[in-house]
Amino acid sequence: MAKATMAAATGPLDGQVAGSALVSIKPMEPASRLAIRARPDAIASLSKVLGVKLPQAPKTSAQSTAAKSRQRVALWLGPDEWLVIDDGNADLMGICAKAKGLYSAVDVSHRNTSVLVSGKGAEATISAGCPQNLSLDVFPVGACARTLLGKTEVVLYRVEEDVFRVECWRSFSTYVFAFLAEAGQSPMI
Amino acid sequence: MLLIHCPYCNEERPELEFRHAGEAHIARPTNITAISDEEFTQFFFLRDNPKGIAFERWRHMHGCGRFFNAVRDTVTDKFVTTYEAGQPRPDLPAGGENEKGAGK
């Protein structure tokens, strides 16, 4: 496809900001995302072409260390299911095509959008609507899980001690953002 | 809120993430075309509704997405144990929680 015909991607939360003195809540830039389901025999090959080792342990993630895929992270969602996010907007489908073995990869770049919640009150803000225990000893840096936030399903990823990435469906994003904005007004630390 | 142990996540998770998915250990007859209507009714429609220990399928809907089996006391709502789908019924401690619970 010729580049000139490509329209600029607009996010559903573009331009919105929220937060308080303790927490900052802002929509993230568009990223490319892949939902992967794979048999055990395809995992090694997929990990190799993606440049990031698909994690095997529950609730863990893997950040790519290779120079050309530095912005790529693989999140464990289920025993055979992963969410791969590339903030550099790499063509993940094209990259995956080289992998061997039986797997399914679905481009969900436009289905999902993400909100970055950061600051001292980040954990408390998310805990306002998430039933999981998010304390550092149970949900350490790098931990990720599909869970609930209020009434919606989200994928939660702890990037740093007080930085969370909240991945939600695009159509739920206004609800998620409003929920976080409300909770961020006075996080219960 | 109940905490339910997911055998795939290997962790206790809040009950909001789970969905009940019917009775466990119901095998589809291999000779499905040969069985009578009564037998089909038995297999397809009729379910136990025990007071006490029940073997159920649950799904970690808003988590790993997997179906698993759980042993739950229908009186006390206590989850006795959970185990991966496809595993046989586990041995339960004799005179388990159900008798105690049912009496309350």
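In which sense, and over how many bridges, do strand 2 of chain A and strand 8 of chain A pair? The two strands pair in the antiparallel sense, over four bridges. Welcome to a quick tour of a predicted model, taking in the strands of chain A, one of its helices, its domains and the contact with chain B.

**Strands 1, 2 and 8 of chain A**

- Strand 2 covers residues 24–27 of chain A, and its partner strand 8 covers residues 112–118.
- In that pairing, A:Ser24 faces A:Ser118 of strand 8 of chain A.
- Strand 2 of chain A also runs antiparallel to strand 1 (residues 18–19) of chain A, and two bridges join them.
- Strands 1 and 2 of chain A make a hairpin, with four residues between them.
- Across from A:Ala18 stands A:Ile25, in strand 2 of chain A.
- In a regular strand, side chains alternate between the two faces of the sheet.
- Strand 2 of chain A shows this alternation: A:Ile25 and A:Pro27 are buried and point to one face, while A:Ser24 and A:Lys26 point to the other and are not buried.

**Helix 4 of chain A**

- Helix 4 of chain A holds 12 residues (173–184), and its span of 16 Å from first C-alpha to last is close to the 16 Å expected at 1.5 Å a residue.
- Its buried residues are A:Ser173, A:Val176, A:Phe177, A:Phe179, A:Leu180, A:Ala183 and A:Gly184.
- Viewed down the axis of helix 4 of chain A, these buried residues fall within an arc of 160°, so they line one face of the helix.
- As background, an α-helix has 3.6 residues a turn, so residues three or four places apart point the same way.

**Two domains in chain A**

- The domain assignment splits chain A into domain 1 (17–30 + 111–184) and domain 2 (32–107).
- The C-alpha centres of these two domains of chain A are 22 Å apart.
- Where the domains of chain A touch, 10 residues of domain 1 are in contact with 10 residues of domain 2.
- On the domain 1 side, strand 9 and strand 10 (152–160) of chain A are the elements that give two or more residues.
- Strand 9 of chain A gives the most to that side, with three residues.
- By class, that side of domain 1 of chain A has six nonpolar, two polar and two charged residues.

**Contact between chains A and B**

- Chain A brings 13 residues to the contact and chain B brings 14 residues.
- Strand 5 (72–78) and strand 9 (144–149) of chain A each supply at least two residues of the chain A side.
- The largest share of that side, four residues, comes from strand 9 of chain A.
- The chain A side has six nonpolar, three polar and four charged residues.

How values were computed:
Residues are numbered from 1 along each chain as its sequence is written. Chains are lettered from A and ligands numbered from 1 in the order in which they are written. This is a predicted model: local features need pLDDT of at least 70, side-chain atom pairs count only at pLDDT 80 or more; totals for chains, interfaces and linings use all residues. The expected span of a helix is 1.5 Å times one less than its number of residues. A residue is buried if 20 or more other C-beta atoms lie within 10 Å of its own, exposed if 12 or fewer, and partly exposed in between; C-beta atoms are placed from the backbone. The arc is that of the directions from the helix axis to the C-beta atoms. Two residues are in contact if their C-beta atoms, placed from the backbone, lie within 7 Å. Ala, Val, Leu, Ile, Met, Phe, Trp, Tyr, Cys and Pro count as nonpolar, Asp, Glu, Lys and Arg as charged, and the others, Gly among them, as polar. Two strands pair if DSSP finds at least two bridges between them. Domain bounds come from an automatic or database domain assignment.
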